[in-house]
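Please open the model in a viewer and keep the selection panel at hand. The tour below proceeds from one selection to the next.

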Amino acid sequence: MRGWLFSGTNKPLELIEKEDPKAIPGHLVIEVKAAGLCHSDVAALQDPGWMPLFPNGPVIMGHEFAGVVIEVGEGVEGFKVGDRVGANPMDRATKITAGYNYDGGYAEKVRVPADQCVIIPESVSFVEGAASTDAGITAYRALFSIGQAKEGSKVGIVGIGGLGQFALQMALIKGCEVYATDVSEGARKLAGELGAHKVYDTILDMKEANCDVIVDYAGFGQTTADAIEAVKREGTVVVVGMGKLEANVNTYSMITKEVKLLGSNGGTVEDLQGVYDCFATGKMSPNLIEIPFEEIDKGIEKLKNHEVKGRLVAVFNK
């Protein structure tokens with residue numbers, strides 16, 4: 001099989017050939033049909049601080065992927081050859097992650113633990129199925145599993161990028177009242193087109209909406225501080241974006257309003273199932289941009305240069 005190998009910081013991905021993976025107990029071998037490209041891959045290629053996350057040396061990258069089961073390992077139940085599946089990239093118990101600890105989805109075939117896989121509904125494409133495994137579950141978990149948004153909740157979405165687009169649409173599908181903001185005029189326009197009840201120029205303007213939960217998909221420090229000011233009394237702010245890795249917040253506002261400030265990271269197979277259920281309604285239309293498998297390296301460069309306005313997904317054998 002072919003795959004894009006990561007061998008270290010400031011070294012370009014290399015398209016290599018290696019032996020096909022074989023099924024082992026508890027695992028599936030998947031013929032990859034689509035693989036999403038992520039900004040974290042760009043960071044890993046540029047920042048030596050990411051190297052401890054690659055403990056086993058050179059590895060084929062790609063932590064968001066979907067495809068067809070071609071081999072089923074001993075002891076696996078609930079899956080068969082021919083099933084269309086997506087994989088939650090990280091085992092939350094061990095933190096072992098596809099594309100980091102072992103070969104991932106920037107390859108024609110990948111071996112993954114069966115208990116991290118979810119059947120993709122027939123009405124959902126492989127491209128949608130792949131993007132759901134990272135952008136989808138991260139957005140879903142922050143809003144619903146951690147933020148506890150439900151039908152009738154007033155929800156604030158900060159940042160209408162890849163994650164925010166998923167969150168906004170899923171919140172509407174779940175019957176939430178959705179408010180949005182972004183520093184980009186184009187992103188604010190998109191939020192309106194996607195159906196947000198109201199779009200604000202700033203997070204502080206969102207205070208009038210009296211949101212039950214605000215999710216900060218940007219995470220630039222001040223965005224989190226402003227969300228605490230904007231959320232309603234006894235409301236919840238969830239931080240999932242990592243634009244900056246620290247924030248100075250007004251603890252007076254947190255205390256007097258009794259605001260809950262929570263973090264969210266990745267997702268679970270249950271979250272992935274939730275995303276697929278949303279897609280199966282036919283009401284999801286995030287901006288997914290397809291590129292050929294052979295151009296994954298070029299796609300990474302486009303992400304690095306901030307030339308992408310949606311989510312890049314590499315497709316195979318198209």
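In what sense, and over how many bridges, do strand 10 and strand 11 pair? Select strand 10 and strand 11 (residues 198-200): they pair in the parallel sense, over three bridges. Strands and helices here are DSSP runs numbered from the N terminus, with at least two residues (E) for a strand and at least four (H or I) for a helix; two strands pair if DSSP finds at least two bridges between them.

This is a predicted model, in which local features need pLDDT of at least 70 and side-chain atom pairs count only at pLDDT 80 or more, while totals for chains, interfaces and linings use all residues. Residues are numbered from 1 along each chain as its sequence is written, and side-chain values use heavy atoms, leaving out hydrogens and water.

**Around strand 10**

Within the pairing of these strands, Lys198 in strand 11 is the bridge partner of Tyr179. Next, add strand 9 (residues 154-158), which pairs with strand 10 in the parallel sense over five bridges; there, Ala180 of strand 10 is the bridge partner of Ile157. Strand 10 (residues 177-181) is largely enclosed by the rest of the structure, because four of its five residues are buried (under 20% relative accessible area with a 1.4 Å probe, protein chains only; over 50% is exposed, and partly exposed lies in between).

Now show the helices. Helix 3 (residues 162-173) joins strand 9 and strand 10 in a right-handed β-α-β unit, and helix 4 (residues 185-194) takes part in another right-handed unit of this kind with strand 10 and strand 11. Right-handed means that, with the strands pointing away from the viewer, the path from the first strand over the helix to the second runs clockwise.

**Helix 2**

Select helix 2 (residues 126-146) and centre on Ser132, where there is a kink of about 55 degrees; the bend is the angle between axes fitted to the seven residues ending at a residue and the seven starting there. Of the 21 residues in helix 2, 17 are buried. Then display Tyr140 and Phe144, which lie four residues apart in this helix, about one turn. Tyr140 is buried at a relative accessible area of 10%, and Phe144 is also buried, at 9%.

**Thr224**

Finally, move to Thr224 in helix 5 (residues 222-230). Its relative accessibility is 5%, so Thr224 counts as buried. Leaving aside residues up to four places away in sequence, Thr224 touches Asp216, Val239, Ala247, Val249 and Leu261 (contact means heavy atoms within 4.5 Å).
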